[in-house]
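Let's take a walk through a protein model together, going from its charged pairs to its rings, its cysteines and its nonpolar interior. Please have the viewer open and follow along.

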Amino acid sequence: MYTPDRDQDLRWMQRAIDLAALCPPAASAYSVGAVIVGEDGTELASGYSRATGPRDHAEEVALSKLPENDLRLAKATIYSTLEPCSQRSADRTPCAERIIDAGVPRVVIAWREPSLFVDDCLGYEQLVDAGVTVDELPELAKAAQASNTHLGPLT
């Protein structure tokens with residue numbers, strides 16, 4: 001598993017924050033960036049919300065760029081500016097479930113999803129319950145939230 005030091009975590013999260021800034025604003029969705037980093041510390045894939053379609057989430061976009069059952073994911077880390085979602089509409093798989101199914105052992109987030117669209121996002125808990133290590137970088141929460149000013153005050 002890719003287990004970098006804190007400075008590397010901060011650098012990769014900044015990359016995800018930069019990606020989130022590319023998101024087209026949407027009144028009913030967060031702007032999120034995600035980066036998948038392999039065991040050797042190189043970027044495997046990245047994405048941001050709505051990069052490939054109006055309903056696509058950042059983690060979903062990044063994971064879709066890799067082959068299904070890519071063995072590198074078993075030792076990778078996903079950096080996401082926002083806690084991976086735990087619920088979506090019936091025809092879409094939540095990002096926490098996608099990450100678990102992909103076998104990614106570590107996720108790093110900048111902030112937890114507030115109850116603006118979902119009363120109680122449980123992505124963090126679902127990942128931990130599945131054995132995924134989840135680390136949070138609260139010192140970058142404000143920077144990650146900056147791409148979401150179109151949604152009003154976030155807490």
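The paragraphs below start with the salt bridges and end at a single histidine.

Keep in mind from the start that this is a predicted model. Side chains of opposite charge can pair when their charged atoms come close. In this structure, the count of salt bridges comes to ten. A good one to find is the pair formed by Glu 139 and Arg 6, whose side chains meet with 2.7 Å from N to O. Glu 139 belongs to the loop between strand S5 (133-136) and helix H5 (141-145), while Arg 6 is in helix H1 (residues 6-20), so this salt bridge ties together parts that are 133 residues apart in sequence. As for their surroundings, Glu 139 is partly exposed at 43% relative accessibility, and Arg 6 is partly exposed too, with a relative accessible area of 44%.

Now turn to Asp 91 and Arg 55, another salt bridge, with an N to O distance of 2.9 Å. This pair also links distant parts of the chain, 36 residues apart: Asp 91 sits in the loop between strand S3 (77-80) and helix H3 (95-102), and Arg 55 in the loop between strand S2 (43-48) and helix H2 (58-64). Asp 91 is exposed, its relative accessible area being 55%, whereas Arg 55 is partly exposed at 39%.

Is each partner of the salt bridge between Arg 72 and Asp 70 buried or partly exposed? Arg 72 is partly exposed, at 42% relative accessibility, but Asp 70 is buried, at 11%. The closest N and O atoms of these two residues are 2.7 Å apart. Salt bridges can also share partners, and in this way Asp 56, Glu 60, Arg 92 and Arg 98 are joined into one network.

Next come the rings. A pair of aromatic rings is described by the distance of the centres and the angle of the planes. The structure holds one aromatic pair. Its members are Tyr 30 and Trp 111, with ring centres 5.9 Å apart and planes at 90°, so the arrangement is edge-to-face. The two residues are 81 places apart in the chain, with Tyr 30 in the loop between H1 and strand S1 (33-37) and Trp 111 in the loop between strand S4 (106-109) and helix H4 (123-129). Both Tyr 30 and Trp 111 are buried. A ring can have a charge for company as well: the charged end of Arg 11 sits over the ring of Trp 12, 4.7 Å from its centre.

What about the cysteines? The count of disulfides comes to zero. For Cys 23, the closest cysteine sulfur is that of Cys 95, and at 12 Å it is too far for a bond. Cys 23 is buried, with a relative accessible area of 7%. Cys 95 is in no disulfide either, and its nearest cysteine sulfur, in Cys 85, is 3.7 Å away. That distance does not meet the cut-off, because a disulfide requires the sulfur atoms to be within 2.5 Å. Cys 95 is buried, at 0% relative accessibility.

On to the interior. In soluble globular proteins, nonpolar side chains tend to be buried together. Here the largest nonpolar core has 21 residues, and those with the most contacts inside it are Met 13, Tyr 30, Val 35, Tyr 79, Ala 110, Trp 111 and Leu 140. Both members of the aromatic pair, Tyr 30 and Trp 111, are on that list. H1, S1 and H5 each supply at least two residues of this core, and the largest share, five residues, comes from H1. To see one member in its setting, pick Ala 110: leaving aside neighbours within four places in sequence, its contacts include Met 13, Ser 80, Glu 136, Leu 140 and Ala 144. There is also a second, separate core of 17 residues, which includes Val 104, Ile 109, Leu 127 and Val 134.

The last stop is His 57, located in the loop between S2 and H2. His 57 is partly exposed, at 26% relative accessibility. Which residues is His 57 in contact with, leaving aside its neighbours within four places in sequence? They are Ser 49, Cys 85, Arg 88 and Cys 95, so two of the cysteines discussed above turn up again here. Finally, the C-alpha atoms of His 57 and Ser 147 are separated by 14 Å, with the two residues 90 apart along the chain.

Key. Residues numbered from 1 in each chain as written. Predicted model: local features only at pLDDT ≥ 70, side-chain atom pairs only at ≥ 80, totals over all residues. Heavy atoms only, no water. Salt bridge = Lys/Arg side-chain N within 4 Å of Asp/Glu carboxyl O. Helix = DSSP H or I, 4+ residues; strand = E, 2+ residues; numbered from the N terminus. Buried < 20%, exposed > 50% of the residue type's maximum accessible area, 1.4 Å probe, protein only. Phe/Tyr/Trp six-rings, centres within 6.5 Å; stacked < 30°, edge-to-face > 60°. Lys NZ or Arg CZ within 6 Å of the ring centre and 35° of its normal. Core = buried A, V, L, I, M, F, W, Y, C linked by side-chain atoms within 4.5 Å. Contact = heavy atoms within 4.5 Å.
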